[in-house]
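Q: Could you walk me through this model? I'd like to start with the ligand and then go on to the core and the aromatic rings.

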Amino acid sequence: MNFELYSFWRTSATFRVRVALNLKGLQAVEHDVDLVAGQQRSADFLAINPMGAIPALIDKRPGQSPAPLTQSTAILEFLEEAYPAPALLPVDLHERARVRSLCAMLTADTHPLMPPRVKKYLTSVSGFDEAAWRAWQTHWLTTGLTAFEQRISTDRASADYCHGSQVGMADICLASVVMIARVFKLDLPAMPTVDAVMQRCDQLPAFARAAPHLQQGAPKL
Ligand SMILES: N[C@@H](CCC(=O)N[C@@H](CS)C(=O)NCC(=O)O)C(=O)O
């Protein structure tokens with residue numbers, strides 16, 4: 001196996017890497033980091049990623065650096081450069097910037113408000129109960145995805161997928177954030193264009209195989 005992936009069944013950021021590996025026909029041995037038990041804050045894991053967050057990817061190919069690769073979007077870009085086919089980014093420079101901008105709406109502006117460390121702070125320091133936390137998740141997911149819906153429904157550069165008619169990096173990032181609403185059963189307003197793209201992604205084996213409930217350690221549905 002060429003890669004090792006530090007992961008947890010339900011994480012949005014690891015899902016991105018799983019889908020990209022699947023799309024590119026790559027495999028990784030997964031090491032479970034139990035986020036509920038707090039294993040991401042163990043000394044062993046902090047030596048791998050001082051942020052205490054997954055994913056982390058180790059490149060086991062002969063002659064490659066064993067230093068862990070972290071940050072899901074950096075890992076997606078790494079995989080794209082190391083294995084250019086099938087491409088997850090368009091060729092044109094402006095189109096590439098558009099896709100990266102769509103990705104950042106989700107991975108930089110939306111998802112960082114959701115991870116366990118944010119919940120831990122809000123519930124232990126700011127007096128949030130479970131209902132307030134769910135309202136927080138719903139609010140920020142709705143804010144990010146509504147803006148995303150607005151962009152992909154009005155810009156002709158979007159078609160069957162977030163960018164054109166070929167699945168790519170923006171679809172991976174979109175699916176990773178929609179996944180949060182699915183896992184935690186959060187009610188979001190209707191978003192027809194997002195839903196249509198997600199329906200197409202759901203039908204692709206690379207996305208279907210990365211579904212949280214199919215991963216090791218996931219509870220039975
Ligand atoms: N920007 C990072 C985010 C990583 C991240 O926050 N991962 C979450 C899981 S989706 C995590 O491990 N959180 C641990 C925690 O919050 O304690 C990336 O894209 O890799």
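A: Let me fix one term before the ligand: a polar contact is a pair of N or O atoms within 3.5 Å, and within protein one atom must be able to donate a hydrogen and the other to accept it, while residues adjacent in sequence count only if both atoms are side-chain atoms. This is a predicted model, in which local features need pLDDT of at least 70 and side-chain atom pairs count only at pLDDT 80 or more, whereas totals for chains, interfaces and linings use all residues. Residues are numbered from 1 along each chain as its sequence is written, and side-chain values use heavy atoms, with hydrogens and water left out.

Q: Okay, how far is the ligand oxygen from the polar backbone atom of Pro-116?

A: The distance from a polar backbone atom of Pro-116 to an oxygen atom of the ligand is 3.4 Å. A backbone N or O atom of Arg-117 is 2.8 Å from a ligand oxygen, and for an N or O atom in the side chain of Ser-72 the distance to an oxygen atom of the ligand is 2.6 Å.

Q: And how much of the ligand's accessible area does the protein cover?

A: On its own the ligand has 510 Å² of accessible area (Shrake-Rupley method, 1.4 Å probe), and the protein covers 91% of that.

Q: Switching to the core, which residues touch the most other members?

A: Those are Phe-148, Leu-174 and Phe-207, in a largest nonpolar core of 60 residues. Such a core is a set of buried Ala, Val, Leu, Ile, Met, Phe, Trp, Tyr and Cys residues joined through side-chain atoms within 4.5 Å, where buried means under 20% relative accessible area, exposed over 50% and partly exposed in between, with a 1.4 Å probe and protein chains only.

Q: What about the rings, how many aromatic pairs are there?

A: There are six, counting rings of Phe, Tyr and Trp (its six-membered ring) whose centres lie within 6.5 Å, with planes under 30 degrees apart called stacked, over 60 edge-to-face and the rest tilted. Phe-3 and Tyr-83 have ring centres 6.2 Å apart and planes at 70°, so they pair edge-to-face.

Q: Are those two buried or exposed?

A: Phe-3 and Tyr-83 are both buried, and ring pairs join them with Phe-78 into a cluster.

Q: Which other pair could I look at?

A: Phe-128 and Trp-136 are also edge-to-face, because their ring centres are 5.8 Å apart and their planes are at 75°. Phe-128 is partly exposed, with a relative accessible area of 22%, and Trp-136 is likewise partly exposed at 22%.
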